[in-house]
Amino acid sequence: MADGFSIMVNKVTASLNNEECRILLYLCTDLFANSCVEDLRGALLAFAKQRQDQAGQSQAGDALLMELMFRMKRFDILKKHFGTNKQQVERTLQEGRALSDYRVLMADVNENLDKEELQSLIFLLNSILPKERMARATSFLDVVVELEKLDEVSCDKLDLLEECLRNIQRMDLVKRIQAYQNRGQNVPCAVTKVQNSYKFTPGTCQSSVKPVRQPQCCSQELKSLKLSVPETGKQQQQAFVEEYQINPEHRGLCVIIDCVGSDGEMLNRTFEHLGFIVIFHSLLGLKETQKVLKDLTQNRRLQRVNHFVCCLISRGTDTHLLATDSNSHGMILDLRQLFSPNQCPSLCGKPKLFFTQIYRTTEPPLTPSIDDECIETDGPKCQRSEPPTVPVSADVLWSVCTAEAKLLEGSGHRSVYLHALNSALLRGHERKMPLLDIMTEVNRNVFRHNQQNPQKYQLQLSHTLRNNLYL
């Protein structure tokens, strides 16, 4: 039997690539506690040998291999080498299993995280994990192993991972962890003895007392980094259950005003590809920009479209747009009031998306007069003694990126933010991703750029979207 099982181990491991072998070793960590796990074949044979007095070495080993292939979704190996299928193994596992639910859960999270999301997790954990070790991390399981060594993560200690996944907006994975923790019993951490003709039974968690779950923050970065935050100030903590309705024939209207002659045409092509009606203006002065925006609020097309998008690229300050005018006091940067339901009833209840790239000038704007401070609308004039206020309305996403105006002096300059937005929108459209997940990806790419380059881009992202939005 030993020779037969050894041949089976060789066949199975020869069918796995290096990454799959690493996942297999992680799943079996508890089982191989007394073995040299670097020797995969030897560890599998040692596991089966320990149980040969229970049910026979080959039977115990085959049962483990089949469970491993099932968990790793290598159903082709189940069929080719074991003559069984997914459904048959699934029924067998209902009677007993060898692998702990905790390690199966970690392997599942590993499978569902892409490389960019992994880098975001590593960034959030940089105050806990040794940098030299994380520099070599190529998978989520590498991160988990290091956290286990530091006793930050275990089968009954997952709040840290839950918080990190929440911060990168992977609420689907957060729900899986919560379901695992809320089953009303301690979760398997290790395998118990084999019983009833090589059928495995769930092990018990080594901790005898289930800890009270309390929210944690892993670092100052985790406390301060908030992605896709509603304007109520509370972070989004649950997936939306409804979607904004889309009529393919009247998908949306997008206005693009590029006052620096950079990236506007790229956005024009992107939103046309997404099915939007695009109104594109280039190198407008301040008064021209004001007129375009004012006229747009009365555009009859807004009554028919499902979405409204406004993209602005301009020099300015933290609070004002300057357009192409270098000696102007500018106009207020925040345009949400102009397109609020009171000023633009045609957009009431429809998602309104604002993407703005501001190149911050070092020259202070001129002191504005009373009337010049506001874009002229049907609403009340701004009062001299009161600062301009912007009423918050529903169905708005507001994304603003600021960078130094000196970047425009470089030959062929392109905005890192707008290129990240462009790529994420196209990829998100192809993969049918919610807009908030797309914006998380944009933020992640800009943060990565800031870590590696001296030219910094500062992002502000807020929203009052009530439903899921797919572009």
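Which residue in β3 does aspartate 258 stand opposite? The partner is serine 282. This structure is a predicted model. The briefing starts with the whole chain, then turns to strand β2 and its neighbours.

**The chain as a whole**
- The chain has 471 residues, and 52% of them are buried.
- It holds 18 helices and nine strands.
- Take the contacts between residues at least 6 apart in sequence: 74% of them join residues at least 24 apart.
- The accessible surface is about 23300 Å². Carbon and sulfur atoms account for 47% of that surface.

**Strand β2: burial**
- Strand β2 covers residues 252-258.
- Buried means under 20% relative accessible area. Seven of the seven residues of β2 are buried, so the strand is largely enclosed by the rest of the structure.
- Both faces of β2 are covered. On one side lie Gly252, Cys254, Ile256 and Asp258, which are all buried. On the other side lie Leu253, Val255 and Ile257, also all buried.

**Strand β2: pairing**
- β2 runs parallel to strand β4, which spans residues 307-316. Seven bridges join the two strands.
- Within the β2–β4 pairing, leucine 253 has phenylalanine 308 of β4 as its bridge partner.
- β2 also pairs with strand β3, residues 277-282, in the parallel sense. Six bridges link β2 and β3.
- Aspartate 258, one of the buried residues of β2, is the residue that stands opposite serine 282 in β3.

**The link from β2 to β3**
- Helix α15, residues 264-273, joins β2 and β3 in a β-α-β unit.
- That unit is right-handed.

How values were computed. Residues are numbered from 1 along each chain as its sequence is written. This is a predicted model: local features need pLDDT of at least 70, side-chain atom pairs count only at pLDDT 80 or more; totals for chains, interfaces and linings use all residues. Side-chain values use heavy atoms; hydrogens and water are left out. Buried means under 20% relative accessible area, exposed over 50%, partly exposed in between (1.4 Å probe, protein chains only). Helices (H or I, at least four residues) and strands (E, at least two) are DSSP runs, numbered from the N terminus. Two strands pair if DSSP finds at least two bridges between them. A crossover is right-handed if, with the strands pointing away from the viewer, the path from the first strand over the helix to the second runs clockwise. Contact means heavy atoms within 4.5 Å. Accessible areas come from the Shrake-Rupley method with a 1.4 Å probe; for residues, only the protein chains shown count as cover.
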